[in-house]
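I open my notebook here to record what I looked up and in what order. My plan is to begin with what lies inside the fold and then to follow how the helices pack.

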Amino acid sequence: MTGIEKKAARPFLAKGALAVLVLSAAAAVFWQSPARSAEDAVVIPPPAMDEKAASGSETAVFAGGCFWGVQGVFQHVKGVSKAVSGYTGGSAENAVYEVVGTGRTGHAESVEITYDPSKITYGQLLQVYFSVAHNPTQLNYQGPDSGTQYRSTIFAENDEQKKVAESYIAQLDKAKVFGKPIVTTLETGKTFYPAEDYHQDFLTLNPTYPYIVYNDLPKIENLKSLFPKLYSEKPALVLASSKS
């Protein structure tokens, strides 16, 4: 999303007349921009290769545009206990929103997903990621957001995840389900850094925010429609779990 829209979302600006003016300006800029359709979900087959069933918990890290929507989608997936917005691909000292936003740090806005592999597999998470969470054919942008920080990237945590992701991308490209080649990249050995608190649970906390209404709430509806068995009405919120 544009800098003015994200910066207008900060809690420390959401006080008094200044907040009203900033939020109103952001909304006006958004709604006066050229009409654009939110991305539609794409029905895709499940992965032919998947991880082996296991117990305990595992993590997966995906990047696909603004992390607000990606986080919101996976917070509504059964078997996911936590989905945290953050930055992956660069160094710790530069993992700050304003710096990442320059597009020069190597980071991508990403989401770290903690899940129970006995309830949902890595392959199923990938199916949601490619089908609902973002458009994997857009290179270094998603909808209104552009820059390498909005790239489509899977940050594989281990060799098994890498193999499953590579196999699935090849499978989907061969089936031509998107009409255009998938540009999602695979990166390994990268550290995830949580984003600032004001970015966490943003979709749930701000359901009337224009960007969320137009770009992200449709993703939740698509998840519910296309994956009813995976959909959880109650989101797994970050801030709620940190206070418990």
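Before I list anything as buried, I note the cut-off: a residue counts as buried when its relative accessible area is under 20%, and as exposed when that area is over 50%. I also keep in mind that this is a predicted model.

**Entry 1: the chain and one covered helix**

I looked up the overall make-up of the chain and found nine helices and eight strands. Of the 244 residues of the chain, 48% count as buried. I then asked how contacts are spread along the sequence, and I read that, among contacts between residues at least 6 apart in sequence, 81% join residues at least 24 apart.

How many of the residues of helix H3 are buried? Helix H3, which spans residues 67-74, is mostly covered, with eight of its eight residues buried. I wrote them down as Phe67, Trp68, Gly69, Val70, Gln71, Gly72, Val73 and Phe74.

**Entry 2: the nonpolar cores**

Next I turned to the largest nonpolar core, which has 49 residues, and I noted that those with the most contacts inside it are Phe62, Phe74, Ile113, Leu125, Leu126, Val128 and Phe130. Helix H5 gives the largest share of this core, namely eight residues.

I followed Phe130 further and, not counting residues up to four places away in sequence, I found that it touches Ile44, Pro136, Ile154, Tyr168, Ile169, Leu172, Phe178, Ile182 and Thr184. There is also a second, separate core of seven residues, and Val61, Val84, Phe155 and Val238 are among them.

**Entry 3: H5 against H6**

I reminded myself that two packed helices are described by the angle between their axes and the distance between the axes. For H5 (residues 122-133) and H6 (residues 159-175), I found an angle of about 45° and axes 10 Å apart. Angles from 65 to 115 degrees would be roughly perpendicular and those under 35 roughly parallel, so H5 is oblique to H6. Their crossing is right-handed.

Which residues meet here? From H5 I listed Tyr122, Gly123, Leu126, Gln127 and Phe130, and from H6 I listed Gln161, Val164, Ala165, Tyr168, Ile169 and Leu172. Sorted by class, this contact has eight nonpolar, three polar and no charged residues.

**Entry 4: H5 against H8**

I then looked at H5 with helix H8 (residues 210-226), where the axes come within 10 Å and cross at roughly 125°. H5 and H8 are therefore oblique to each other, and H5 passes H8 in a right-handed crossing. In this contact Val128, Ser131, Val132 and Ala133 of H5 meet Lys219, Asn222, Leu223 and Leu226 of H8. By class, I noted five nonpolar, two polar and one charged residues.

**Entry 5: two residues at the surface**

Is Leu139, in the loop between H5 and strand E4 (141-142), buried or exposed? Leu139 has a relative accessible area of 54%, which means that it is exposed. Its C-alpha atom is separated by 10.0 Å from that of Thr153, 14 residues apart along the chain.

Pro194, which I found in strand E8 (residues 192-194), is exposed too, because its relative accessible area is 55%. Leaving aside neighbours within four places in sequence, Pro194 is in contact with Val84, Ser85, Gly86 and Tyr87. Last, I noted that Pro194 and Ala95 are 99 residues apart in sequence and 8.3 Å apart in space, C-alpha to C-alpha.

Methods:
Residues are numbered from 1 along each chain as its sequence is written. This is a predicted model: local features need pLDDT of at least 70, side-chain atom pairs count only at pLDDT 80 or more; totals for chains, interfaces and linings use all residues. Side-chain values use heavy atoms; hydrogens and water are left out. Axes are lines fitted to C-alpha atoms, for helices over the stretch in contact, and angles run from 0 to 180 degrees between N-to-C directions. Helices (H or I, at least four residues) and strands (E, at least two) are DSSP runs, numbered from the N terminus. Angles under 35 degrees count as roughly parallel, over 145 as roughly antiparallel, 65 to 115 as roughly perpendicular and the rest as oblique. A crossing is left-handed if the near helix is turned anticlockwise from the far one by less than a right angle, and right-handed if clockwise. Contact means heavy atoms within 4.5 Å. Ala, Val, Leu, Ile, Met, Phe, Trp, Tyr, Cys and Pro count as nonpolar, Asp, Glu, Lys and Arg as charged, and the others, Gly among them, as polar. A nonpolar core is a set of buried Ala, Val, Leu, Ile, Met, Phe, Trp, Tyr and Cys residues joined through side-chain atoms within 4.5 Å. Buried means under 20% relative accessible area, exposed over 50%, partly exposed in between (1.4 Å probe, protein chains only).
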